[in-house]
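Morning, everyone. I have one structure to walk through today. Please have a look at it before I start.

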Amino acid sequence: MYAHTYSILYIHIQTCTYGNLCIHLCRLQWKVFTLINVSLFYIYSLNKLFSFPYSPLSPSTLQSPMASFTCSASQLASLLSSTTNSTEAATYLCSQFTAIANQLSDTSYAVNNTYLLFSAYLVFAMQLGFAMLCAGSVRAKNTMNIMLTNVLDAAAGGLSYYLFGYAFAFGSPSNGFIGRHFFGLNDFPSPQADYSFFLYQWAFAIAAAGITSGSIAERTQFVAYLIYSSFLTGFVYPIVSHWIWSGDGWASASKSDNNLLFGSGAIDFAGSGVVHMVGGIAGLWGALIEGPRIGRFDQSGRSVALRGHSASLVVLGSFLLWFGWYGFNPGSFLTILKSYGDSGGYYGQWSAVGRTAVTTTLAGCTAALTTLFSKRLLVGHWNVIDVSNGLLGGFAAITSGCSVVEPWAAIICGFIAAWVLIGCNKLAEKLKYDDPLEAAQLHGGCGAWGLLFTGLFATKSYVNEVYPNKPGRPYGLFMGGGGKLCAAQIIQILVITGWVTVTMGPLFYGLKKLRLLRISSEDEMAGMDLTRHGGFAYVYHNEDDSSLKPSFMMRRIEPTNESTPNHQTMINV
């Protein structure tokens with residue numbers, strides 16, 4: 001660009017030298033040339049400004065890259081010293097570049113906030129996936145009840161997170177344990193965060209509550225849902241998210257003072273621990289304190305399958321959750337308009353967003369296929385319900401390290417996540433633990449594996465890109481980064497388990513003592529749709545009720561060597 005400008009200038013100067021009448025024009029061209037070069041210098045400077053500090057899931061991420069741009073007339077005047085009225089020219093140029101910088105700043109805010117809002121919409125759409133998955137996994141007589149609880153999670157969670165939750169999670173400046181600003185979004189928005197960030201974090205909070213509702217389905221009073229959902233989204237979950245995601249959190253990998261846990265901080269990029277373990281362990285305690293559903297285990301203690309009424313709804317819910325996970329994991333970057341290194345290249349945060357979507361996909365797909373063939377070997381048939389749960393287990397596991405691992409490592413993550421889920425289900429059966437949606441096993445067990453996986457496979461270059469606040473930080477043990485990150489991940493697993501236990505355990509126990517937790521056995525046998533919600537969701541046939549079975553049934557007799565040539569279908573009375 002500069003060479004082209006000089007060649008044009010040379011032609012103009014040669015033209016000017018052929019006549020003294022052009023001397024004034026020549027001087028004017030020289031001034032214009034100087035202004036052009038200064039302009040090119042500042043355009044290059046503006047271009048460089050798109051490389052700006054970043055901290056995942058921190059409100060400061062939303063600050064504009066143009067915020068540090070300044071233009072000084074005195075600096076420009078020295079470059080225009082050979083130009084008449086250089087100060088005026090410099091002032092004019094500064095005003096123009098300031099206007100350009102402001103427009104670019106507005107554009108960057110708009111692009112990043114639009115990206116975050118779209119991600120929030122995707123995460124919120126996961127509530128529909130939870131609702132369909134839950135509805136298909138329970139018996140038809142409890143469909144209206146479980147659907148209502150999913151609506152309640154979003155509604156009650158919205159108010160509690162607005163009043164208290166967001167302040168506890170991201171109310172900076174604060175201490176390492178709990179936030180203390182922005183209650184009821186007071187003094188909001190701020191230079192550190194906008195409304196889009198609040199909406200995104202609310203969608204995460206109600207996802208944790210939705211996980212818990214699946215564990216205690218088909219036997220829990222409506223008032224208990226209201227109490228636990230408000231408490232979880234307004235207090236328990238926000239404290240954990242403050243520890244791990246806030247710039248003030250004691251275990252945060254993006255802690256503002258760089259005083260990091262084991263020099264690394266706990267990396268939980270999108271919430272294997274913060275969201276999935278919190279929801280899963282809360283559901284674990286709820287289901288343990290309530291006890292199993294009537295008929296789940298016979299008198300000898302053997303497991304009896306109480307199958308959900310619609311595999312179609314389970315698959316539909318699984319696909320909706322899969323779709324929403326692309327807002328859950330890639331959206332956790334919060335911004336997309338950021339370059340890595342020099343501007344103008346093809347590689348930037350947009351590439352990291354794409355890589356995160358790929359690792360998420362590979363982990364889920366691997367877990368689904370592993371579950372498919374493993375269950376075929378174990379039980380002898382292909383089960384779409386098990387495959388759907390395996391798929392979600394892979395997603396829950398990769399959520400922690402999705403942005404800092406290679407795609408090939410995501411395949412390992414999904415493979416082991418499937419076996420973690422299978423093992424947890426076997427253990428639950430032996431302990432006579434009843435979870436209609438396998439939520440505690442899936443989100444709690446696979447979420448814990450995901451945190452450990454990140455400590456083993458996090459890649460050095462990706463860790464430094466995603467968490468640039470402290471260069472040279474520890475990374476995955478198996479990638480040559482030592483054991484410090486792995487130690488921080490183990491600490492996170494233990495602390496989350498302990499925190500949810502000491503908060504949600506007593507809550508469920510207190511509800512039980514107050515007789516607010518479990519419905520009566522009569523209501524449970526009849527179904528909550530009929531006894532609590534005014535009627536069934538739709539007309540259905542209850543396979544558990546022998547009085548509704550016909551006196552004779554038709555079945556197909558398979559042909560044998562002794563069969564008649566026409567292989568007729570026979571009726572057995």
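**Patch, salt bridges, pocket**

Let me begin at the surface. Y162, L163, F164 and F183 make a nonpolar patch of about 350 Å². Keep in mind that this is a predicted model. Take F183 from that patch. Where is F183 found? It sits in the loop between α5, residues 143-170, and α6, residues 195-215. Why does F183 count as partly exposed? Because its relative accessibility is 36%, and partly exposed runs from 20% to 50%.

Now the salt bridges. How many does a search of the whole structure find? Nine. I'll take three of them.

Start with R219 and E290. Their closest N and O atoms are 3.9 Å apart. R219 is in the loop between α6 and α7, and E290 is in helix α8, so this pair ties together parts that are 71 residues apart in sequence. Buried or exposed? Both R219 and E290 are buried.

Next, R296 and D434. Their side chains meet in a salt bridge, at 3.3 Å from N to O. R296 lies in the loop between α8 and α9. D434 lies in the loop between α12 and α13. So this pair ties together parts that are 138 residues apart in sequence. R296 is buried, and D434 is buried too.

Third, R518 and E524. Here the closest N and O atoms are 3.0 Å apart. The two ends are not equally covered. R518 is partly exposed, because its relative accessible area is 25%. E524 counts as buried, because its relative accessibility is 3%, and the cut-off for buried is under 20%.

There is also a network. Which residues does it join? R139, E218, R293, R296 and D434, through salt bridges that share partners. So R296 and D434, the pair I just described, belong to it.

Last stop, the largest pocket. It holds about 950 Å³ of space. Its lining has 35 residues, and the closest to its centre are R296, A305, R307, D386 and E438. There is R296 again.

Which helices supply at least two residues each to that lining? They are α4, α9, α10, α11 and α12. The largest share comes from α12, with six residues. By type, the lining divides into 13 nonpolar, 12 polar and 10 charged residues.

One residue to remember, then: R296. It is buried, it forms a salt bridge with D434, and it is among the residues closest to the centre of the largest pocket. That's my tour.

Note on methods:
Residues numbered from 1 in each chain as written. Predicted model: local features only at pLDDT ≥ 70, side-chain atom pairs only at ≥ 80, totals over all residues. Heavy atoms only, no water. 1 Å grid on protein atoms, 1.4 Å probe; cavity = no way out; pocket = protein on both sides within 12 Å on 5 of 7 lines; lining within 4 Å. Points joined across faces, edges and corners; volume = space filled by probe spheres on them. Helix = DSSP H or I, 4+ residues; strand = E, 2+ residues; numbered from the N terminus. Nonpolar A, V, L, I, M, F, W, Y, C, P; charged D, E, K, R; others polar. Patch = residues over 30% accessible without salt bridge, like charges linked within 9 Å, V, L, I, M, F, W, Y side chains within 5 Å. Areas by Shrake-Rupley, 256 points an atom, 1.4 Å probe, with all protein chains shown as cover. Salt bridge = Lys/Arg side-chain N within 4 Å of Asp/Glu carboxyl O. Buried < 20%, exposed > 50% of the residue type's maximum accessible area, 1.4 Å probe, protein only.
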